[in-house]
Each structure stands twice: as structure tokens, then as C-alpha cells.
Amino acid sequence: MNCPKCGTELPLDASYCPKCGAPRSEIERLLNDAARAAKRAVDAGVAVVDRAAKELEPTFNKAAAKVRPAIDDVARAVKPVADKTVKTAKEVADKTVAIVKPAVAKAAETTEHVARKVRERVKKSG
Ligand SMILES: [Zn+2]
């Protein structure tokens, strides 16, 4: 602990400040005063921040209210594109299926044909 009057570091058992002679009781009172003042300052700071937040809230709400229609506009503008994208994706998928389906069917048919031939050959040799 330092003497709040002169800043000298006080020995633990000192009853007086070795430099300025301030009594420990007065030093402790001064330190308590300083602590109380610091707490008041902190409390005042918290109060100021609280008040600022309360005062700013309507401003934030106003800003949000102003931004909201813009967001709605963007959403409205984007929606048809999004819908079209989904439609296009579905069309592409449908087209892909239409193109692939005969090929897959033919492949399955060929596989079946080959399998039948293999079975016949196995039967003959067996
Ligand atoms: Zn002192």
C-alpha cells in the first residue's frame, strides 16, 4: 500500500508514513475515500452507459424500421429469381432423367441379355 498523500510505499507495520508523516488511520481513510470515489465513478459510468443505451434504443429501432423495407424489397426482388432457379433446376433434373432413362433401360436390358447367355452357357457345359 502506498501513502495517498505522497505516494511513498508504506511498510506493513508502519503507523505513520515514513516520508510525510501522515498517520495510518488518515491514510486508510483517504484510501477508503478514494475507493468510494472510484466506486461512485464506476456506478456513474454504468448509469451513463445504461442511459445511453436507453436513449439510443429508439434510434436503433428507427434505423431497423428504415432498413426493414429495403430488406423486404431485396427479398421481393430475389424471390422470382429464386423461384426460377428452383424451376430451372427441376427442369434440368427432369431433362437429365429423360436423357439417361433410355440409356439406363438399355444397359439393364443388355445386362439381362448377357446374364441369360451366361446362364445358358453354364447350363450347356454343366
Ligand atoms: Zn506519505
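Me: Where is Val67 placed in this predicted model?

Reply: Val67 sits in helix α1.

Me: Why is Val67 called exposed?

Reply: Let's count its neighbours. Val67 has 10 C-beta neighbours inside 10 Å. A residue is exposed if 12 or fewer lie within that distance, so Val67, with its 10, counts as exposed.

Me: What is the separation in space of Val67 and Ala41?

Reply: Their C-alpha atoms are 37 Å apart, and the two residues are 26 apart along the chain.

Me: Which helix holds Ser125, and what residues does that helix span?

Reply: Ser125 belongs to helix α1, which covers residues 24–125. The protein has one helix and zero strands.

Me: What makes Ser125 buried or exposed?

Reply: Try the same kind of count. Ser125 has 6 C-beta neighbours inside 10 Å. The cut-off for exposed is 12 or fewer, therefore Ser125 is exposed.

Me: How far is Ser125 from Ala105?

Reply: From C-alpha to C-alpha the distance is 30 Å, with their positions 20 residues apart in sequence.

Me: How do you know what the radius of gyration of the protein says about a compact globule?

Reply: Set the two values side by side. The protein has a radius of gyration of 43 Å, but a compact globule of 126 residues would have one near 14 Å. The C-alpha atoms fill a box of roughly 120 × 55 × 15 Å along the principal axes.

Me: What percentage of the residues count as buried?

Reply: Of the 126 residues, 2% do. To be called buried, a residue needs 20 or more other C-beta atoms within 10 Å of its own.

Me: What share of contacts join residues at least 24 apart?

Reply: The share is 15%, taken among contacts between residues at least 6 apart in sequence.

Key
Residues are numbered from 1 along each chain as its sequence is written. This is a predicted model: local features need pLDDT of at least 70, side-chain atom pairs count only at pLDDT 80 or more; totals for chains, interfaces and linings use all residues. Helices (H or I, at least four residues) and strands (E, at least two) are DSSP runs, numbered from the N terminus. The radius of gyration is taken over C-alpha atoms; the globule rule is 2.2 Å times the number of residues to the power 0.38. Two residues are in contact if their C-beta atoms, placed from the backbone, lie within 7 Å.
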